[in-house]
Every structure is written in structure tokens, then in C-alpha cells.
Amino acid sequence: MSTTFNPQQRINIKALEPECWKLIIEIEHYLANTSLDPQLRELIKIRTSQINKCAFCIDLHTKDALKLGETERRIFALSAWQESPLFSEKERAVLKLTEEITKITEAGVTDDTYDKISTLFSK
């Protein structure tokens, strides 16, 4: 039996909070014009969606990542990136930062993470 993923939309942010939606779109446009690799941006979104347990977003960003050339194998391993040999040092640093920001109320962004990101992404 085949099923189609059709998540129920609980909140329509665009309709309910148009100013918030506008900011989200502006951030997307800004990020699209940065030097951050588009595949890495999608990995960030997928990992954040996994942490937030949002099936709709996981599905959306996984499709986008695949369209950009990301591999299924790496997407499958994303929830265990710390143990996977499939991610580079730079990707690991970004994924660690992603987790710390997504869980900001737990411990903030650690000095180690900040220093590593600063080193890897400095100009």
C-alpha cells in the first residue's frame, strides 16, 4: 500500500502573521545571496526540522536538498552526524552550531563552537 505524505497544516503563518512571514522570506532571500553552500543551507534546515520534530519541514527541505544534489545517504545520516564519517569538519561545525542555536535555551552557543565557526568561516 502506497501513501502520499500530506501533512495537515495547523498554522498558516503567512495568513496569521504576515509580518513574520515577510521576515522569514527576507531571511531566505538574504541567505540565498551569501557564500554559504546551498546544500549546507538545506542540511541546516533539515537538522533544525529534525530537532523541532516538524515532519512538514523535514519533507520540504529534504526534497530541496535532493534537488541540489545532496545524497540520500547523507540525509539519512544527518540525525547522527556526530558519529558519521560522511560530513566534513566544516559541516560538523555548522551542524553543531545549528543544534546549539536550535536548543539555545539549554546552554547557549558554547565558546568552543563559536571559536571553531570563527576559524572555519573567517575571511
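Here are some questions and answers on how the labels for this predicted model are earned.

The model is predicted, so local features need pLDDT of at least 70, side-chain atom pairs count only at pLDDT 80 or more, and totals for chains, interfaces and linings use all residues. Residues are numbered from 1 along each chain as its sequence is written, and side-chain values use heavy atoms, with hydrogens and water left out.

Q: What makes helix α5 stand out in pLDDT among the elements of the protein chain?
A: pLDDT is the predictor's confidence in each residue, from 0 to 100. Helix α5 (residues 72-77) has the highest mean, 97, while helix α1 (residues 13-16) has the lowest, 82. The chain itself averages 89. Helices here are DSSP runs (H or I, at least four residues), numbered from the N terminus.

Q: Why is Ile-11 called exposed?
A: Exposed means over 50% relative accessible area, buried under 20%, and partly exposed in between (1.4 Å probe, protein chains only). Ile-11 has 54%, so the label exposed fits. Ile-11 lies in the segment before α1 and helps make a nonpolar surface patch of about 500 Å², together with Ile-13, Leu-16, Trp-21, Ile-24 and Ile-25. Patch residues have over 30% relative accessible area and no salt bridge, with nonpolar side chains (Val, Leu, Ile, Met, Phe, Trp, Tyr) joined within 5 Å. Helix α2 gives the most to this patch, three residues.

Q: How do you know that the buried residues of α4 line one face of the helix?
A: The buried residues are His-61, Thr-62 and Ala-65. Seen down the axis of α4, they fall within an arc of 110 degrees, so they line one face. That arc is taken from the directions from the helix axis to the C-beta atoms.

Q: What makes the contact of Lys-45 and Glu-42 a salt bridge?
A: A salt bridge is a side-chain nitrogen of Lys or Arg within 4 Å of a carboxyl oxygen of Asp or Glu. For Lys-45 and Glu-42 the N to O distance is 3.2 Å, which meets the cut-off. Both residues lie in helix α3 (residues 38-52), three residues apart.

Q: Why does Lys-45 count as buried or exposed?
A: Lys-45 has 17% relative accessibility, so this lysine counts as buried. Glu-42, at 7%, is buried too.

Q: Why is Asp-59 given its accessibility label?
A: Asp-59 has a relative accessible area of 23%, so partly exposed is the right term. Its salt-bridge partner is Lys-63, which at 48% also counts as partly exposed.

Definitions and conventions. Helices (H or I, at least four residues) and strands (E, at least two) are DSSP runs, numbered from the N terminus. Patches are made of residues with over 30% relative accessible area and no salt bridge: like charges are joined within 9 Å, nonpolar side chains (Val, Leu, Ile, Met, Phe, Trp, Tyr) within 5 Å. Accessible areas come from the Shrake-Rupley method with a 1.4 Å probe; for residues, only the protein chains shown count as cover.
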